Structure formats: C-alpha cells, structure tokens
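Biologist: I am new to this protein and would love a close look at one part of it. Could you take me through it step by step?

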Amino acid sequence: MAFTPKLILPSSFLPSTNAALFAVPTAQTGAVVRKLLLANTSSSAVSVSLYYVASGGSAGAGDVLLPQITVLGNSTYIANELQAMVFN
C-alpha cells in the first residue's frame with residue numbers, strides 16, 4: 001500500500017472542548033502520523049488530551065491517545081509516542 005505524505009492539520013488553535021480535528025477521508029484507507037507537535041504560544045501552561053474516536057462516536061476514557069499533557073507557556077510538546085501510529 002502506497003502512502004502519500006501531506007500535512008493533515010495545519011497550524012490551528014485547539015478548542016477548549018472536545019472537537020474533531022481530523023477525519024480520514026473516505027477515499028483513503030488510513031493515515032499515518034509521522035510527527036505531532038503541540039505548540040503553546042500563550043504565556044500560561046495549558047492542558048491537552050488527544051482521543052481517537054470512530055466516526056459518529058464521542059470521546060471517552062477508552063479512546064485516549066494522550067492523557068492530559070501539560071504544555072508549558074511559550075513551548076512545544078513533541079508527541080513522540082504517536083509516531084508511526086496508523087489511523088483507519
């Protein structure tokens with residue numbers, strides 16, 4: 001199976017509540033994470049949790065990819081634990 005590298009989520013501000021940020025397009029069979037960076041451009045620390053949820057579902061305890069991560073003010077968290085993860 002061939003993969004075409006591309007940016008799937010350009011820089012954006014994360015919402016303060018759970019929200020879908022990416023969905024594998026229906027014409028594709030999956031997506032592979034090569035790098036995920038969480039940048040905090042504010043001066044205060046923020047907490048972020050990431051979930052993997054099936055289409056039409058809602059985030060729950062069994063869907064956690066990254067439990068509450070604290071990103072310090074004016075810093076970046078590199079989510080190495082998600083490298084090479086396949087979403088389908």
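Which residues does Ala-79 touch, not counting residues up to four places away in sequence?

Modeller: Happy to help! Please keep in mind that this is a predicted model. Leaving aside residues up to four places away in sequence, Ala-79 touches Leu-36 and Leu-66.

Ala-79 also belongs to the largest nonpolar core, a set of 10 residues that includes Leu-66 as well. The other members are Val-33, Leu-38, Val-48, Leu-50, Ile-69, Val-71, Leu-82 and Phe-87. Two elements, strand 3 (46-51) and strand 4 (64-71), each give two or more residues to this core. Strand 4 gives the most, with three residues. In soluble globular proteins, nonpolar side chains tend to be buried together.

Now let us step back to the whole protein. There are six strands and zero helices, so the order from the N terminus is β-β-β-β-β-β. Along the principal axes, the C-alpha atoms fill a box of roughly 40 × 25 × 20 Å. Of the 88 residues, 15% are buried. Among contacts between residues at least 6 apart in sequence, 57% join residues at least 24 apart.

The surface has nonpolar side chains too. Leu-9, Leu-14, Leu-21 and Phe-22 form a nonpolar patch there, together having about 300 Å² of accessible area. Phe-22 lies in the segment before strand 1 (31-32), and Phe-22 counts as partly exposed because its relative accessibility is 34%. For the protein as a whole, the accessible surface comes to about 6700 Å², with 56% belonging to carbon and sulfur atoms.

Note on methods:
Residues are numbered from 1 along each chain as its sequence is written. This is a predicted model: local features need pLDDT of at least 70, side-chain atom pairs count only at pLDDT 80 or more; totals for chains, interfaces and linings use all residues. Side-chain values use heavy atoms; hydrogens and water are left out. Patches are made of residues with over 30% relative accessible area and no salt bridge: like charges are joined within 9 Å, nonpolar side chains (Val, Leu, Ile, Met, Phe, Trp, Tyr) within 5 Å. Accessible areas come from the Shrake-Rupley method with a 1.4 Å probe; for residues, only the protein chains shown count as cover. A salt bridge is a side-chain nitrogen of Lys or Arg within 4 Å of a carboxyl oxygen of Asp or Glu. Helices (H or I, at least four residues) and strands (E, at least two) are DSSP runs, numbered from the N terminus. Buried means under 20% relative accessible area, exposed over 50%, partly exposed in between (1.4 Å probe, protein chains only). Contact means heavy atoms within 4.5 Å. A nonpolar core is a set of buried Ala, Val, Leu, Ile, Met, Phe, Trp, Tyr and Cys residues joined through side-chain atoms within 4.5 Å.
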